Amino acid sequence: LHRVDRRQRQMCIRDRDKGAELSDELADPHSEIYEAYANLRTTLQLSTAGGFPQTLLVTSANPEEGKSTTSYSLAAQLATVGKRVLLIDADMRKPTFSVDQHAEIGLASLLTTKGIAREHILQTSQEGMFLMPSGPTPPNPANIIVPTRLERILAELRPHFDAIVLDAPPTLGFADALLLGSVCQGTCLLYTSDAADDLLCV
């Protein structure tokens, strides 16, 4: 169980209103948001005998609980310490990491075709960090998430990355996260604690 104070998460939002980007906060080792996610990364590294799970699903019980911010932050943190990381936007219902110029590539396309996974990866501006977009929005994402096909996709990608972080939809009301998590080595479930006003990661 890892606690991230909500004040730390909201700092980056206030700073972005002043012109700073979240990526700037994450790159600043003196910022509170950097330290909060560095602690989370360390917790996950110590969670298994083999270190940070090579495939990690990040989800939440409800929308707007910080799963996409956490997915991005963990990927950026790992890249900062020299890891080669792939961030997969697996929320095909409400994607966060949209890529207008490459709308035809992404996870949804891979799940519905026999395409090559590496051809659906984009390099980000951060060294060592790569992105697989969600792809074209399907009518019902749960219908195209076939665990055997997803496992083949991940198996193709594992040799090329130290870690693969999947940003999944919320668990309540959708089967997507359960299907995605069935082939991942670890799952990070986020939820807000009203009593503590914090974000908890289990």
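Is Glu64 buried or exposed? A few notes on that and on its surroundings, bearing in mind that this is a predicted model.

1. Glu64 is exposed, at 72% relative accessible area. You'll find Glu64 in the loop that runs between β2 (55–60) and α4 (67–80). Have a look at its backbone too: phi is positive, about 60°, even though Glu64 is not a glycine.

2. On to α4, the helix after that loop. It has 14 residues, and its first and last C-alpha atoms are 20 Å apart, close to the 20 Å expected at 1.5 Å a residue. Past the helix comes Gly82, again with a positive phi, this time near 95°.

3. α4 is mostly covered, with 12 of its 14 residues buried. The buried set isn't just greasy residues, by the way: it includes Lys67, Ser68, Thr70, Ser71 and Gln77, along with Leu74, Ala75 and Leu78.

4. Part of the α4 story is its contact with α3 (residues 32–45): the two axes come within 9 Å and cross at roughly 80°. Angles from 65 to 115 degrees count as roughly perpendicular, so that is how α3 sits relative to α4. From α3, the residues involved are Tyr34, Tyr37, Ala38, Leu40, Arg41, Leu44 and Gln45; they meet Thr69, Thr70, Ser73, Leu74, Gln77, Leu78 and Thr80 of α4. By type, that contact divides into 7 nonpolar, 6 polar and 1 charged.

5. Now for the largest nonpolar core, which has 27 residues; Leu86, Ile88 and Leu157 touch the most other members. Elements giving two or more residues to this core are β3 (85–89), α5 (107–112), β5 (129–132), α7 (147–157), β6 (163–167) and α8 (176–181). If you want one residue to click on, try Leu157: leaving out residues up to four places away in sequence, it touches Leu86, Ile88, Ala117, Arg118, Ile121, Met132 and Ile164.

6. There is another core apart from that one, made of 22 residues. Among its members are Leu40, Phe52, Leu131 and Cys188. Leu40 has come up already, as one of the α3 residues that meet α4.

7. Last one: Ser109, which lies in helix α5. Ser109 counts as buried because its relative accessibility is 12%, and the cut-off for buried is under 20%. Leaving out residues up to four places away in sequence, Ser109 touches Glu104, His120 and Pro136.

Conventions: Residues numbered from 1 in each chain as written. Predicted model: local features only at pLDDT ≥ 70, side-chain atom pairs only at ≥ 80, totals over all residues. Heavy atoms only, no water. Helix = DSSP H or I, 4+ residues; strand = E, 2+ residues; numbered from the N terminus. Buried < 20%, exposed > 50% of the residue type's maximum accessible area, 1.4 Å probe, protein only. Axes fitted to C-alpha atoms, helices over the stretch in contact; angles between N-to-C directions. Parallel < 35°, antiparallel > 145°, perpendicular 65-115°, else oblique. Contact = heavy atoms within 4.5 Å. Nonpolar A, V, L, I, M, F, W, Y, C, P; charged D, E, K, R; others polar. Expected span 1.5 Å × (residues − 1). Core = buried A, V, L, I, M, F, W, Y, C linked by side-chain atoms within 4.5 Å.
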